[in-house]
Structure formats: structure tokens, C-alpha cells
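Colleague: I have a chain on my screen and would love a close look at one part of it. Please pick a pair of neighbouring strands and take me through what surrounds them, residue by residue where you can.

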Amino acid sequence: MASRAQEVSLLGLCDGEIDSKKHRCSYLTNKVGGRPDWPAGIAARSPRCGRCRVPLVHVVQVYCPVDTSPHHRNLHVFACPGAECSGRSECWAVLRSQCLEAEVRTPGPPAPAQEAPMRVTDWCDTADDWGMGGEEDNDGWGGGAKQNTAVKEETGVPEAAAGETDVSSRLCDLSLGDSQEDVTAFCPFFISVVEETDVCGEDGDLEHAQELLREYERREGVAVGELEGSGGGGDEKYEKTGARHGDAVFSRFMKTISVCPQQILRYCRGGKPLFISEPPSNVAQLVPACGSCGGSRTFELQLMPALVSLLQGERGSAGVELEFGTVLVYTCADSCWTSRSDSAVEEFCFVQTDPDQQLFV
């Protein structure tokens, strides 16, 4: 079975650029961009855009084991870099991969000496659940928030096999002539994790969020109200605002992220997504069943607007840009996995842009 519903939302924050000469990444690493790090025994895959068929670019890698499973577990999110594609759901793909601890303890040559890699944070309650060592206290972040989630030390984990497999999914069929190295990549950054309840936004952060809201009000000709903490009675204004369709949803979105505008990812498996615009009334019915076991899917994470500015092509790659409001990811509620499987499972996501445009596919 899958883990219980996450009680507290976890926020992903940019935690420095990854230097391949100093840092060694593995499937245990939470990161933005770069090349995907597949767990041992999982074949590398190159998903393609469902609209224009070009190879998708790796956007985010998250290590997210569930607390009742013996498996290591990863989610990889990909997107089409085309200007006409990034705001469309069929131009994104989410792949889930899993492996057992025994499968990664394979013998191999010793790793060459190098600088100690940066520590990365997992998305589960305690590292002890996975035999990866105990908790350590971390330095504070931003306005005094503590990173209370457990930290995993990077280890010399063998790379995943480089072979490619046939895929039946319309999003994830492979071009056997292309390798991962042929696909454009975003500059990689580490992701650190904090609990939302531990974050207290600084005054500058709130002012920035407030300015974004004022800009939206000027553009749309509506009054949404002030954000919480701005000293203007935001709660009352928020409740009484007679906003047109979708504005209440957007103002709730802005109010929530104002606590930490820098958040690039929200993780709350089994929780409720934070919509940026009015979702379809039957959104639960529109999320398809798991393509592997036929069971239901549950919300797990979403990418946030602050991520957009970080997505820059490596080595000055031209034409690599994404535009989105938020990307919501739904995964198998049971986190099903077939024994000895060497192929990642496709999950479901959909993209929301601004409050006036809903692109649900």
C-alpha cells in the first residue's frame, strides 16, 4: 500500500547550482534540470512531446519513498521546450521508478576520490525508515526557517543502465537513435526541503508577492484584496471581494504562496492541490486510473511559478524556455510496482496557466 496522506506540505527551494566537477548526483538527489538519474536496474527513457514529438527536457527529479514500502522511489518530470507546447498538458510527462535496497547494493569498482557532494533532503518523514542513517540538524534557511526533514548523504550509487526500452504510452515512446546526451538539458540545481509550517516569509518576500497581486489587479481591472500579513485586513477583504469567475481561486493561490514566494515545488502526497485557476468541477473524474494496476491516482506534488526563472538551458542553449502557472502531478495511490520491472511507470499531470486559461488534457 501507499503511505498515509502527508499531513504537512513540504516546500522545495533552490539550494545552489550543481557543479558536475564537484558534486555527484544519484537517484537519491532532489534536483532541478540536468539529466535524470535512474535507479539501478531501470532503463533510461527519452519521452517525447505528445504534440510536436520532439524529445522532452528533464525538469525535476524527486526522491520520494513511501513509508510503508521497501522500495526506493523517484518521480521524474519532463516538458517540451517549444513555445507553443509548455503550457499544454499533453506536452509534459511524469515517470515513476522504484527499486529495492538489495538491487542497489551491487558490487562495483571503487569510486574515484573527489570532493564530498552536497547533502540533499528527502521527502519522507524520517530517513531511518529506509536504513539511510539518522536525522541531522541543518542550518536555518531564509527568514529563520529550519529544515527539519531528514537528510540523506550522497553515496556512490551505480548509474542506471543506459539502454532504452520500448514504450506503449503515447507520451513516452522512444527514438532509438537518440541518447539522453542528445537531448537539451536545463542547468541543474539542488532542491532543499522545508516544512511549510516552519517557513516565515520576510518582509521583502511579502512585498514582492503583494506587488504581483497588484499587477494582476491592474491588468484585470479587479480588486482581489491584500495578502495576509500585509497589515491591511487581508482576510476580511479576501472573503468579501466580489471577484469574477476564477479570481477567488487565484487570490487564494497568491495568499498561500506569499508565505514563501521562492518555493519551486510543493509536495503533499494524498493532500489537496493548490489551484491557480478554477479547476474543472469534475477534476477527480478527469484524472485517469493508473495505467499499470487500474487503481485510483492521488495528488502528490506540483511545480510552482518560481521554478520558471530557474529553467535556463545548459551552455546558453537557445530556444529552451517553459511558461506555466502550476503543474499538478497525480500518481498511483498504491504506488504499484511489478517485481523485476526495468521500465518506469507513466503517471499523470496537468498544467494550469493563468486564471483566464485552463489547459486540461
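Modeller: Happy to! Strand S4 (residues 71-79) and strand S5 pair in the antiparallel sense over 9 bridges, so let us start from this pair and work outwards. Please keep in mind that this is a predicted model.

To find the pairing on your screen, look for two pairs of partners. Ala 79 of S4 stands opposite Trp 92 in S5, and His 72 has Cys 99 as its bridge partner in S5.

Both strands are well covered. In S4, 9 of its 9 residues are buried. In S5, which runs over residues 92-100, 8 of the 9 residues are buried. For the whole chain, buried residues make up 53% of the 361 residues.

In a regular strand, side chains alternate between the two faces of the sheet. On S4, His 71, Arg 73, Leu 75, Val 77 and Ala 79 point one way, while His 72, Asn 74, His 76 and Phe 78 point the other way. The residues of both sets are buried.

Each of these strands has a further partner. S4 also pairs with strand S3 in the antiparallel sense, over 6 bridges, and Tyr 63 has Asn 74 of S4 as its bridge partner. S5, for its part, pairs with strand S12 (residues 345-352), again in the antiparallel sense, over 3 bridges. There, Leu 95 has Glu 346 in S12 as its bridge partner.

Now zoom in on Arg 96, which is found in strand S5. You may be curious about a charged residue like this one: is Arg 96 buried or exposed? Its relative accessible area is 0%, and because the cut-off for buried is under 20%, Arg 96 counts as buried. The side chain of Arg 96 makes a polar contact with the side chain of Glu 347 at 2.6 Å, and another with the side chain of Gln 98 at 2.8 Å. Leaving out residues up to four places away in sequence, the residues that Arg 96 touches include Arg 73, Asn 74 and Leu 75, which belong to S4. Among its other contacts are Cys 332, Ser 335, Cys 336 and Trp 337, as well as Ala 344, Val 345 and Glu 347.

Next, the nonpolar surroundings. In soluble globular proteins, nonpolar side chains tend to be buried together. The largest nonpolar core here has 46 residues, and Val 59, Val 60, Trp 92, Leu 303, Leu 307 and Phe 324 touch the most other members. S3, S4, S5 and S12 are among the strands that each supply at least two residues of this core, and so are S8 (189-195), S9 (265-267), S10 (297-303) and S11 (326-332). Separate from this core is another of 10 residues, including Val 249, Val 287, Phe 348 and Phe 350.

Val 60 shows how S4 is joined to the core. Apart from residues up to four places away in sequence, Val 60 touches Leu 75, His 76 and Val 77, and its contacts also include Ile 191, Leu 265, Leu 303 and Leu 307.

Leu 303 leads on to Thr 326, which lies in strand S11. Thr 326 is buried, with a relative accessible area of 0%. The side chain of Thr 326 reaches the backbone oxygen of Leu 303 at 2.8 Å and makes a polar contact with the side chain of Gln 302, also at 2.8 Å. Beyond its neighbours within four places in sequence, Thr 326 is in contact with Phe 350, Val 351 and Gln 352, among others. Those three residues fall within S12, the strand that pairs with S5, and that brings us back to where we began.

One last number sets this tour in context. Among contacts in the chain between residues at least 6 apart in sequence, 75% join residues at least 24 apart.

Terms used:
Residues numbered from 1 in each chain as written. Predicted model: local features only at pLDDT ≥ 70, side-chain atom pairs only at ≥ 80, totals over all residues. Heavy atoms only, no water. Buried < 20%, exposed > 50% of the residue type's maximum accessible area, 1.4 Å probe, protein only. Contact = heavy atoms within 4.5 Å. Helix = DSSP H or I, 4+ residues; strand = E, 2+ residues; numbered from the N terminus. Pairing = 2+ DSSP bridges. Core = buried A, V, L, I, M, F, W, Y, C linked by side-chain atoms within 4.5 Å. Polar contact = N/O pair within 3.5 Å; in protein donor to acceptor, adjacent residues only side chain to side chain.
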